[in-house]
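User: Please take a close look at the part of this model where aromatic rings pair with one another, and set out how that part relates to the packing of the helices around it.

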Amino acid sequence: MSELHIQSGKDLSPQIYEFYRNKICFGDYKPGDRLPSYKSLSEKYAISYSPIKAAYQALEREGFIRLTIKGSIVVEQPKTVKENIASKLDEMLQTALDFGAAKEDIVEAIDFIMEKYC
């Protein structure tokens with residue numbers, strides 16, 4: 001398995017995120033495998049926990065890993081693009097409804113955004 005190569009002068013978190021995301025996507029880490037601990041990466045590359053934690057949290061938000069209470073990192077089956085979009089939309093729609101938005105307001109907002117990108 002290839003090693004993480006830290007590029008000096010660049011933000012560490014995106015480098016760590018991209019490295020492990022690619023490893024998961026290309027099958028080097030499979031569901032049930034554990035990623036290295038914060039401590040082991042910190043010691044190996046002489047970096048602080050902060051960028052490692054930020055990278056792992058980003059991987060968790062995107063459904064690639066699950067952070068457990070004991071601090072172990074377990075690779076999960078990555079979500080599909082459709083599942084990621086549906087999850088984000090669900091969160092946003094719930095927030096809109098919590099603010100009292102009507103269905104029509106939500107539909108208009110989606111149409112407005114779609115016009116911007118499509």
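Analyst:
**The aromatic pairs and the helices around them**

In this predicted model, the count of aromatic ring pairs comes to 5. One of these pairs joins Tyr20 and Tyr29: the ring centres lie 6.0 Å apart and the planes stand at 55°, so the pair is classed as tilted. The class follows because planes under 30 degrees apart would count as stacked and those over 60 as edge-to-face. Tyr20 and Tyr29 are both buried. Ring pairs also connect these two residues with others, giving a cluster made up of Phe19, Tyr20, Tyr29, Tyr38, Tyr49 and Tyr56.

Several members of the cluster recur where the helices meet. Helix 1, residues 12-25, and helix 3, residues 49-61, have axes that come within 8 Å and cross at roughly 45°. Helix 1 is therefore oblique to helix 3, and the crossing of the two is right-handed. On the side of helix 1, the contact is formed by Leu12, Ser13, Ile16, Tyr17, Tyr20 and Arg21, while helix 3 contributes Pro51, Ile52, Ala54, Ala55, Tyr56, Ala58 and Leu59. By class, the residues of this contact comprise 11 nonpolar, 1 polar and 1 charged. Tyr20 and Tyr56 thus appear both in this contact and in the ring cluster.

Tyr17 gives a detailed view of the contact from helix 1, in which it is placed. With a relative accessibility of 14%, Tyr17 counts as buried, because the limit for that class is under 20%. Setting aside neighbours within four places in sequence, Tyr17 is in contact with Ala55, Ala58, Leu59 and Glu62. Tyr17 and Tyr56 are separated by 39 residues in sequence, yet their C-alpha atoms are 6.7 Å apart in space.

Gln15 also has its place in helix 1. Gln15 is buried as well, at a relative accessible area of 12%. Its contacts, not counting residues up to four places away in sequence, are with Leu4, His5, Ile6, Gln7 and Lys10. Gln15 is not named among the residues of helix 1 that meet helix 3.

Helix 3 also packs against helix 2. The axes of helix 2 and helix 3 come within 9 Å and cross at roughly 130°. These two helices are therefore oblique to each other, and helix 2 passes helix 3 in a right-handed crossing. Tyr38, Lys39, Leu41 and Ser42 of helix 2 meet Tyr49, Ile52, Lys53 and Tyr56 of helix 3. The residues of this contact are 5 nonpolar, 1 polar and 2 charged. Tyr38, Tyr49 and Tyr56, which take part in this contact, belong to the ring cluster too. On helix 3, Ile52 and Tyr56 are named in the contact with helix 1 and again in the contact with helix 2.

The connection between these last two helices holds a further local feature. Ala46 is located in the loop between helix 2, residues 38-45, and helix 3. Although Ala46 is not a glycine, it has a positive phi of about 55°. Ala46 is exposed, with a relative accessible area of 71%, whereas Tyr20 and Tyr29 of the ring cluster are buried.

Technical notes
Residues numbered from 1 in each chain as written. Predicted model: local features only at pLDDT ≥ 70, side-chain atom pairs only at ≥ 80, totals over all residues. Heavy atoms only, no water. Axes fitted to C-alpha atoms, helices over the stretch in contact; angles between N-to-C directions. Helix = DSSP H or I, 4+ residues; strand = E, 2+ residues; numbered from the N terminus. Parallel < 35°, antiparallel > 145°, perpendicular 65-115°, else oblique. Left-handed = near helix turned anticlockwise from the far one by under 90°. Contact = heavy atoms within 4.5 Å. Nonpolar A, V, L, I, M, F, W, Y, C, P; charged D, E, K, R; others polar. Phe/Tyr/Trp six-rings, centres within 6.5 Å; stacked < 30°, edge-to-face > 60°. Buried < 20%, exposed > 50% of the residue type's maximum accessible area, 1.4 Å probe, protein only.
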